[in-house]
Number of protein chains: 2
Amino acid sequence: MSRAFSQPELLTPATVEKVLVTAQRLGYVPNQVARALSTGRAGNIALILPDVANPFFSALMRGAQAQAYKRGYATFLGDSDETAHLEDVLLGKLAAQVDGFVLASPRLDEQLIRKHAARRPVVVINRDLDGIGRVLVDTTGGFEAAVDLVAGLGHRTIAYVGAPVSSWSNQQRANAVAITGATRGLRVVEIAAGRPSHEAGRSCVAKLLESGATAALAVDDVVAQGIMAGLAERGLFIPRDFSVIGCDDIIASTTYPPLTSVNAHCALAGANAVDLLLNGLANPTPPIESHVIKGELVIRGSTGPAPALVPAPGGRTRGRKVAPAEPDPSSRK
Amino acid sequence: MSRAFSQPELLTPATVEKVLVTAQRLGYVPNQVARALSTGRAGNIALILPDVANPFFSALMRGAQAQAYKRGYATFLGDSDETAHLEDVLLGKLAAQVDGFVLASPRLDEQLIRKHAARRPVVVINRDLDGIGRVLVDTTGGFEAAVDLVAGLGHRTIAYVGAPVSSWSNQQRANAVAITGATRGLRVVEIAAGRPSHEAGRSCVAKLLESGATAALAVDDVVAQGIMAGLAERGLFIPRDFSVIGCDDIIASTTYPPLTSVNAHCALAGANAVDLLLNGLANPTPPIESHVIKGELVIRGSTGPAPALVPAPGGRTRGRKVAPAEPDPSSRK
DNA sequence: CTGAAAGCGCTTACAG
DNA sequence: CTGAAAGCGCTTACAG
């Protein structure tokens, strides 16, 4: 209707003022839907992720939504329930109403992601696809440091507990552990936990103990916390009998004992992805950028010396088999 | 353009078929924005909440989004960062693009909620506003049972740790604890934690211990977990030295020790709110419904007998002052 | 049963 | 500098 809203600089200040005042008096608010139809710009973006209930993604969502809001965009949420097919459907349904997508840890195969990216600008988080804007949380250094940490603490056999097996993050972390472990002369066993959930972590404790490992590095904190719960149920104490390390560092400081974890800067990743997407929208031919965030190790109370190396107060050697055993008060804090 | 999409029942099947096939071949997808402008129906709803990172709200969001999706609606997320003003702004900005709002635990004052409700259908969660559709998670029974539990375990002074003070849920829970506590002849102290966060829970442990309480009931699990962390830092063991109870029951089963908690059926509350909203949209003059979900107590490992009543194995009486003390292996599991 | 036309509320060249 | 008109892609009475 009036240029006073869309291009105020073209009118005399007096006119703009008059229109704005009148609009205010009548309670007029520009219709965003009509504007979107007319301009082809929706003013919305959508964030598609596997599971909002996972702290990594809720933190990421929080960062993304806040950043989008700051830049004048509203955010749709699509929760795919870890399902590639639902991701595909959500992308299709929302395409008409958004100017672009942020796909966090997409489970979709590359071909389908590219199909959607051809239709609407897409930025992916934690998936390395050439020619598509991406934010990568590089936890390699953090996991290397984690392996160094447990190696230094005398652990000889360590386990990496991963999920979902095919995800980019999981593969990156598994590789870092395998390579660094080999370098340090450790035996590394790999255990698949299926879905990255507390329950999945808890369920793999049997395998973990069978493997002979004395330290577990988990794909994320939720799985790590599940592992800690499973160990506690068996009467084992952390870190006296077993060391556990997670990743993401959202819930890590709240667990008991506080979890040593690789910080994934989740909220920052979400905000950066939104910036990448919206900056791209401004340019006619946006440069395809990839933004890397380094995750570093944060050491807390869930990691300690390998059990066999620590003499018990009474002189006997503490082994994992001696359960239920009493925890070492000094290992708490 | 074609009725084949909007009202297929008015056309001959053959025509519908033909149009659909052609559309498919050309890759045609109806433009949701144009449809919205034309019909006045957006096919979207928005969920406004104080903090997606809080497990209560992320679980609620999950339930709401899934239900909205099932019924053909897309969901905007607005995170108000616990701020009444931001809630107001988000409601205003999204109004044109949605058919209705779900407001989870709104911090907004009643008058402003009513203003927005006059413009667009609104369903509130955990706020009892006459004449507005609402879903209430009634945790009164659960908190009564919680007080009964600790009273039965011999605790004589208990604390209620609340946040944010003015929220409907907090007041309901505080009341339930105060009334039931009085009935059972307990001394009840009330402690305000500010924002419902882990850190806030942890910070109020000093006050908690000064108060002489031996059991704490917290407004939610996040605060309860913070309290457990604060107690552990001081060398106290749960439930031997202190009992803790939370609410929501999302993270309660994953803490250490597992937290006794009042189940708030978060995902169900979210789904019910969406149903209420969308059912209302279908009716010209929707009945104002209020849907109540009962929260019940789930007993786990964070509650035990009052400290003074339990003789220690060696005959000495365990008191909270005897720290650092060794945990009782039998109290774990 | 099926075209053709108007209208949803904006924006944006295009005249004046 | 500022009206008036066309157009965004649908839906929906309205003719035929």
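This is a short dialogue on reading the two-chain contact, one sheet and one helix in a predicted model.

Reader: Let me begin with the two copies. By what turn and shift can chain A be laid on chain B?

Author: The general idea is to superpose one copy on the other and look at the turn and the shift along the axis. Here a turn of 180 degrees with a shift of 0.0 Å along the axis lays chain A on chain B, and the RMSD is 0.0 Å. The two copies are thus related as by a two-fold rotation axis. If you want a landmark in chain A, go to F76(A): its C-alpha is the nearest to the axis, at 2.1 Å.

Reader: Good, I have found it. How many residues does each chain bring to the contact?

Author: Chain A gives 39 residues, and chain B gives 39 residues. On the side of chain A that touches chain B, the elements giving two or more residues are helix 3 (32-39), helix 4 (55-70), strand 2 (74-79), helix 5 (84-94) and helix 11 (221-233) of chain A. Helix 4 of chain A supplies the largest share of that side, with six residues. Sorted by class, the side of chain A that touches chain B has 23 nonpolar, ten polar and six charged residues.

Reader: Why can one say that the copies meet through the same surface?

Author: Compare the two lists of interface residues. Of the interface residues of chain A, 97% are also interface residues in chain B, so the copies meet through the same surface.

Reader: Now the sheet in chain B. In what order do its six strands lie?

Author: Read a sheet by strand order first, then by pairing. In chain B the order is 7-6-8-9-10-12, the sheet is open and the pairing is mixed. Strand 7 (187-192) and strand 12 (297-298) of chain B are at the edges with a single partner strand each, so each has one side without a neighbour in the sheet. Inside that order, strand 8 (residues 215-218) and strand 9 (residues 243-248) of chain B run parallel and are joined by three bridges. For one such pair, look at L217(B), whose bridge partner in strand 9 of chain B is I245(B).

Reader: And helix 11 of chain B: is it largely enclosed or largely open?

Author: Count its buried residues. Twelve of the 13 are buried, so helix 11 of chain B is largely enclosed by the rest of the structure. Among them are D221(B), Q225(B), M228(B) and L231(B).

Reader: What span should helix 11 of chain B have?

Author: At 1.5 Å a residue, its 13 residues should span 18 Å, and the end C-alpha atoms are 18 Å apart, which agrees. After helix 11 of chain B comes G235(B), with a positive phi near 80 degrees.

Methods
Residues numbered from 1 in each chain as written. Chains lettered and ligands numbered in written order. Predicted model: local features only at pLDDT ≥ 70, side-chain atom pairs only at ≥ 80, totals over all residues. Helix = DSSP H or I, 4+ residues; strand = E, 2+ residues; numbered from the N terminus. Expected span 1.5 Å × (residues − 1). Buried ≥ 20, exposed ≤ 12 C-beta atoms within 10 Å, placed from the backbone. Contact = placed C-beta atoms within 7 Å. Nonpolar A, V, L, I, M, F, W, Y, C, P; charged D, E, K, R; others polar. Least-squares fit on C-alpha atoms with pLDDT ≥ 70 in both. Pairing = 2+ DSSP bridges.
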